[in-house]
Amino acid sequence: MYIGLDFGTLSVRAVLVGDDGTVLSSEVCEYPHGVISGALADGTPLPEGYALADPRDYLSCMNKAVRGAVKKAGAAPEDIAGIGLDAANSSILPCRGDGSPMLSSPETNADKRWDSCPHAYIKLWKHHGAKRQIRQIEALYHTGGLPVLKRYGGSCSYVQGIQKLLETYEEAPELFAAAGRFCEVGDWIAWNLTGHPVASIYYLGFNNMWARDLGYPARDDLDRLASGFGQALYDKFFLPPSGFETPCGFLSEKAAEELGLLPGTSVAAPMGDGNITGLVFCGKHPHAIVSVLGTSVGTSFVMDRLVPMSGINGVVQDGYLAGKACYDAGSPCMGDMLGWFINMQVPASYTDAANRAHVNVHQYLTELAESKAPWDNPLTVLDWWNGSRSILNDPRLRGCVAGFSLETRPEDVYGAMIQGCACSYRKALEHFEAQGAKFDEVILCGGIAQKNAFAVGQFASILNRAVLVPEWKESVAVGSAILIQKAVENGRSSIEEALNRHFRTVLPDEAHRAQYEALYNRWSTFHDLMAANRNILEPFV
């Protein structure tokens, strides 16, 4: 059996998976500090757009989740053949030379000198503090530097890691100098498991401008961003990359003791949580676009050859399928936006009604939205609460809603938010197809796809395509188990075979085809209008 670890934005999930794909147990542990914005725990104010996390949460929660899953399954340490893991990309943190966080801990004699420094924390994938650095990187490309950006349409996605590293280098030089290394959070977790630094090709290629044929960005190009920055990255960030072909290492004595497992247990090279489903499904569905509907929307697809493409985060040749160019894209906001609406905008009367009905507020609003002829919803929502990734790639944009009236109810807004995400997805899908991609299937995974049939139905109807939803509820975490099974079984995975056997098919609402097409056309017109006049939605430029 194998352990799959899925490090999300708010929690880590550990699953124990049998060779036939059966999830034998599952355990979730929420990070005590969650997403840190507004201010640090000690009151240190954070600028607008900062989204941080406490790395100490990740390790302590991992230990609890793994021990809990193993205990639930009644498994013995010797039963575990390996550990695979995924984590949100690109999330960057500095660490000491031994892999421990820069933040205080008993092991570092409670050294608190960095606890008030925002740059000492994990800069999450949705951290927007490095807007100026993005403009520096794109300006460098347009003057002949960083040729790899041509493959991303000449733009630097704001989920990339390089600008976050540049932000720290420029704004916290003492911290940068004191740090032993900088890591993607998935690589850092793998380091803490194996005892040696790891650099996964997935994070490097999708989020840090590495390419198999080009290698790392040239030192001279990086030095044009900031004096000495190139050498700093070669000293403290870039490493020989690890891929999926073999384990990236084996469980150390220290990690084994903390997890309750055996030293020497194989550990797979980590992968981004938005890419893991590409590994799981694109091999059997080579013309599918595969997305995880969760806090954000992580999207993967493959092409037979590498084609430069705008609107993506990154592309890796042979990223997880030999001979294929593997693309990473997505939307930075879905569950985040819906959660914001629930927490900040829904009146107490709705919360009380949901409690009386013994359902959560999400389910209550979903049922109300579904009952009100959703194809006729007069609201139009641009899902830019967290900026726009695919296709505009502009973190400065802000969400907006058209069509409010005195008759508008919370369920109308909630339903329109889901529809806005579906319309945004269709816009990106059409954008990729116009550049040469071919999608015969749409596969939707993740918590929202599993729990919210209304949302999946709206995606199918707005796309006017059948949507496949895997029957496995833990497809992302199980995908991490597939990573390690492939690594120890010479590329074979019986778990992968099992996951690709069973899907639920959701068909579009043909009876209201014309209404859904009109809804999308209205949304697309609004999208293009606001994109052309985006200065009014960029208050923090």
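**Cysteines and a helix pair in a predicted model**

The sulfur of cysteine 421 lies 6.8 Å from the closest cysteine sulfur, that of cysteine 333, which is too far for a bond. Cysteine 421 itself counts as buried, because its relative accessibility is 4%. These values come from a predicted model.

A similar question can be put to cysteine 282. Its closest cysteine sulfur belongs to cysteine 326, and the separation of 7.4 Å is again too far for a bond. Cysteine 282 is buried as well, with a relative accessible area of 1%. A disulfide is a covalent bond between the sulfur atoms of two cysteines, and a pair counts as one when the sulfur atoms are within 2.5 Å. The structure as a whole holds zero disulfides.

Attention now turns to the helices. Helix H11 spans residues 335-344, and its axis runs 11 Å from that of H13, with a packing angle of about 100°. The two helices are therefore roughly perpendicular to each other. On the H11 side, the contact is made by Leu338, Gly339, Phe341 and Ile342, while H13 contributes Val361, His362 and Leu365. Sorted by character, the residues of this contact comprise five nonpolar, two polar and no charged.

Helix H13, covering residues 361-370, is also home to threonine 366. With 8% relative accessibility, threonine 366 counts as buried. Which residues does threonine 366 touch, leaving aside its neighbours within four places in sequence? Its contacts are Tyr414, Asn452 and Phe454.

Terms used. Residues are numbered from 1 along each chain as its sequence is written. This is a predicted model: local features need pLDDT of at least 70, side-chain atom pairs count only at pLDDT 80 or more; totals for chains, interfaces and linings use all residues. Side-chain values use heavy atoms; hydrogens and water are left out. Helices (H or I, at least four residues) and strands (E, at least two) are DSSP runs, numbered from the N terminus. Buried means under 20% relative accessible area, exposed over 50%, partly exposed in between (1.4 Å probe, protein chains only). Contact means heavy atoms within 4.5 Å. Axes are lines fitted to C-alpha atoms, for helices over the stretch in contact, and angles run from 0 to 180 degrees between N-to-C directions. Angles under 35 degrees count as roughly parallel, over 145 as roughly antiparallel, 65 to 115 as roughly perpendicular and the rest as oblique. Ala, Val, Leu, Ile, Met, Phe, Trp, Tyr, Cys and Pro count as nonpolar, Asp, Glu, Lys and Arg as charged, and the others, Gly among them, as polar.
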